[in-house]
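I opened my notebook to record how the parts of this chain pack against one another. I put the structure up first.

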Amino acid sequence: MDITYEDIKFFITAVETQSYSKAALVLSTTRTTVSRKITRLEQLLGAKLILVNTYSFKVTDFGLQFYDSVVDSVLKFDSSMQEIKSKFQDALSEIYINLS
């Protein structure tokens with residue numbers, strides 16, 4: 001199995017919200033799905049990223065290092081995708097208008 005963009009996005013959102021439940025709200029999914037994605041990522045990396053229980057949420061040292069190494073790339077990717085979508089929508093609008 002390979003690490004996916006979605007795995008990393010779920011991890012970043014959990015770190016930034018400091019909660020699986022809050023990350024689930026932001027990502028429009030369930031807490032269980034967030035937990036499973038992060039567990040999968042931890043298994044693929046071979047290291048614990050987040051220590052979580054009923055009363056606490058703590059990003060491990062490795063988790064912080066991993067977050068720091070991926071967050072800028074993901075933000076740039078998200079920004080680029082928004083820009084491309086916007087340009088694509090503009091192009092579709094122009095085509096639609098020209099066909100009228």
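The entries below go through a helix pair, a nonpolar core and a buried residue.

I note that this is a predicted model, in which local features need pLDDT of at least 70 and side-chain atom pairs count only at pLDDT 80 or more, while totals for chains, interfaces and linings use all residues. Residues are numbered from 1 along each chain as its sequence is written, and side-chain values use heavy atoms, with hydrogens and water left out.

**Helix pair.** I looked up helix H2 (residues 20–27) and helix H3 (residues 31–45), and found that they pack at an angle of about 105°, with their axes 8 Å apart. H2 and H3 are therefore roughly perpendicular to each other (the term covers 65 to 115 degrees). In contact (heavy atoms within 4.5 Å), Tyr20, Ser21, Ala23, Ala24 and Leu27 of H2 meet Arg31, Val34, Ser35 and Ile38 of H3.

**Core.** I then turned to the largest nonpolar core (buried Ala, Val, Leu, Ile, Met, Phe, Trp, Tyr and Cys residues joined through side-chain atoms within 4.5 Å), where buried means under 20% relative accessible area, with a 1.4 Å probe and protein chains only. It has 21 residues, of which Phe11, Ile12, Ala14, Val34 and Ile50 touch the most other members. Helix H1 (5–17) is among the elements that give two or more residues to this core, and its 6 residues are the largest share.

**Glu42.** Which residues does Glu42 touch, not counting those up to four places away in sequence? I found Ala47, Lys48, Leu49 and Ile50. Glu42 lies in helix H3 and is buried, with a relative accessible area of 7%.

Conventions: Axes are lines fitted to C-alpha atoms, for helices over the stretch in contact, and angles run from 0 to 180 degrees between N-to-C directions. Helices (H or I, at least four residues) and strands (E, at least two) are DSSP runs, numbered from the N terminus. Angles under 35 degrees count as roughly parallel, over 145 as roughly antiparallel, 65 to 115 as roughly perpendicular and the rest as oblique. Buried means under 20% relative accessible area, exposed over 50%, partly exposed in between (1.4 Å probe, protein chains only).
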